[in-house]
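Open the model in your viewer and keep the selection tool at hand. We will go from stop to stop, and at each one you will hear what to pick and what is there.

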Amino acid sequence: MSERSTSRPSLITRRSLLGTAAAMAATPALAEECRVGPPPHEKGPKVWMDLDQVELDAAYDQAVYAPMISQFNKRFASSSETTRKRLGAPKRFAYGPTPIEGLDVFPARNANAPIFVYVHGGRWLYGSARDYAYAADLFVNAGVNLVVLDFIAVNAAGGDLRPMADQVRRGIAWTYKNAASFGGDTKRFYIGGHSSGSHLAGVAMVTDWQKDFALPADMITGGLLMSGMYDLKPARLSARSNYVKFDDDMEHSLSTIRHIEMLRAPVTVTYGTFETPEFQRQSREFAAAVKAAGKPVELLEAPDFNHFEMCESIGNPYGPNGLAALKLMKLA
C-alpha cells in the first residue's frame, strides 16, 4: 500500500522569484565585499600624475589593496610568539632615554656574526619590534644577528616624522657601536625595512654617519628596502596628511630619492605585483634613479605578492624578501 504525503509542495511563483532577486540585489556580492582598489567613483581632477584624490588616497592605504590586513597583522604576532618559543626571548637593550627607544636582539649562535637591523612598518603609526620577531628564524639559522627596532609613532610625535627618523638612526648607530656586546661583526652590517619602515631605512641609508654620529661614513654594508616610499611628495598629497603634518623641510629631508649622492652601500629594492600602484611605482623609480647615479642596485619584482605577503616573506628563506636578504649578505 502506497503512502501519500499530506504536505503540499512549495510553489515557486513569479512573486517569490522577484522577491528573492530583490533581496540578492540589496545584499552586496562577495566580490564587492572584497573589492581591491579604490571604490567606484566619478573621475575627479588629477592630484598626482594620473590619479585623482580618491585614487591617490587608495594608493597610500594598504587596506584598500590588501583587505585581509587584520589577518596578516594577527599572524605576524602569533608567528612571532612561536619564534620566541623556539629561540628564546631576545636580548633587550635601550638605545635612548625614553621607554620606546629600545631594540630586540636575536643573537646568532656563532661569534663575530653579521648584523641585520630591521625597521618595521605600520603607516608610521603602528607596529612594535615584538610583532616582527618571526623574521628571526631565518636570520639566526643563517648565522646572522637580527636586531629589530622600536621607535616613536608619528601621532605620539605630534605628526612629525623627523623624531621617528632620528630614533631609527640612533638605534642603528647604537647597534654599530655596541655590536661586540652580542657578538656582531660591524664589517658585515646590514639594514632593511618594510613599508614605512623601508622609508625610514632609506633615510638611514643616506645619512651622513661620520658627521652626525662620528661613525665610519661607509659603515652600512648593504640595504634591503622592501615595498617602501622614497619620495614623500605624493604621500603628502594623500590622506596621510590627515595625521602627518608635512612641511617642505620634512618632505625634502626625508625623501631618500633626493639624496642619492649620499648613498654609499649597495641596495636591493623589492616590491610585489599586487601592491598599490604607487608603492610599485616608487620602488621602480627609486631603483632607476640609483642606477642612473651609477650606484649598485638590484630591483626585484615578486609576482602575485601583496604588501603584507611581502612583509611576511622576510621570514622565509625561499620567499622574495628572505631570499633577497640572504643574497645581499652573500649567504645564498
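Before the first stop, one cut-off: a residue is called buried when its relative accessible area is under 20%. Keep in mind too that this is a predicted model.

**Stop 1: a glutamine in a helix**

Select Gln282, which sits in helix α12, residues 277-292. Is Gln282 buried or exposed? Its relative accessibility is 3%, under the 20% cut-off, so Gln282 counts as buried. Now show the side chain of Gln282 and look towards Tyr230: the backbone nitrogen of Tyr230 is reached at 2.7 Å. To see the surroundings, add Tyr60, Gly228, Met229, Tyr230, Asp231 and Pro234, the contacts of Gln282 once neighbours within four places in sequence are left aside.

**Stop 2: strand β6 and its partners**

Next, pick strand β6, residues 145-149. Five of its five residues are buried, so β6 is largely enclosed by the rest of the structure. In a regular strand, side chains alternate between the two faces of the sheet. Turn on the side chains here and you will find Asn145, Val147 and Leu149 pointing one way from β6, while Leu146 and Val148 point the other way. Both sets are buried.

Which strand pairs with β6 in the antiparallel sense? That is β4, residues 102-106, and the pairing runs over four bridges. For a landmark, find Val105, which stands opposite Val147 in β6. Then bring in β5, which pairs with β6 in the parallel sense, also over four bridges. Here the landmark is Phe116, opposite Leu146 in β6.

**Stop 3: a covered helix**

Keep β5 on screen and add helix α8, residues 196-205. How many of the residues of α8 are buried? The count is 10 of 10, and the helix is mostly covered. Among these buried residues are His199, Leu200, Val203 and Met205. To view what lies over them, colour β5 (113-119), α7 (162-177), β7 (184-194), α9 (209-213), β8 (222-226) and β9 (267-272), which are included in the cover.

**Stop 4: an enclosed space**

Stay with Ala204 and Met205, two of the buried residues of α8. Both also belong to the lining of the largest cavity, together with Thr207, Trp209, Ala217, Asp218, Met219, Ile220, Met262, Arg264 and Ala265. This cavity has a volume of about 70 Å³, and the structure holds one cavity of 30 Å³ or more. The lining divides into eight nonpolar residues, one polar and two charged.

**Stop 5: two open pockets**

Switch to a surface view for the largest pocket, with a volume of about 300 Å³. Its lining has 18 residues, and Ile69, Asn73, Gly122, Tyr132 and Phe308 are those nearest its centre. The elements giving two or more residues to this lining are α4 (62-65), α5 (69-87) and α13 (307-312). By type, the lining comprises seven nonpolar, eight polar and three charged residues.

For the last selection, go to the second largest pocket, where about 150 Å³ of space lies. Pick Val36, Tyr65, Ala66, Pro67, Met68, Phe72, Phe274, Glu275, Asn306 and Glu309 to show its lining. These residues divide into seven nonpolar, one polar and two charged.

Conventions: Residues numbered from 1 in each chain as written. Predicted model: local features only at pLDDT ≥ 70, side-chain atom pairs only at ≥ 80, totals over all residues. Heavy atoms only, no water. Buried < 20%, exposed > 50% of the residue type's maximum accessible area, 1.4 Å probe, protein only. Polar contact = N/O pair within 3.5 Å; in protein donor to acceptor, adjacent residues only side chain to side chain. Contact = heavy atoms within 4.5 Å. 1 Å grid on protein atoms, 1.4 Å probe; cavity = no way out; pocket = protein on both sides within 12 Å on 5 of 7 lines; lining within 4 Å. Points joined across faces, edges and corners; volume = space filled by probe spheres on them. Nonpolar A, V, L, I, M, F, W, Y, C, P; charged D, E, K, R; others polar. Pairing = 2+ DSSP bridges.
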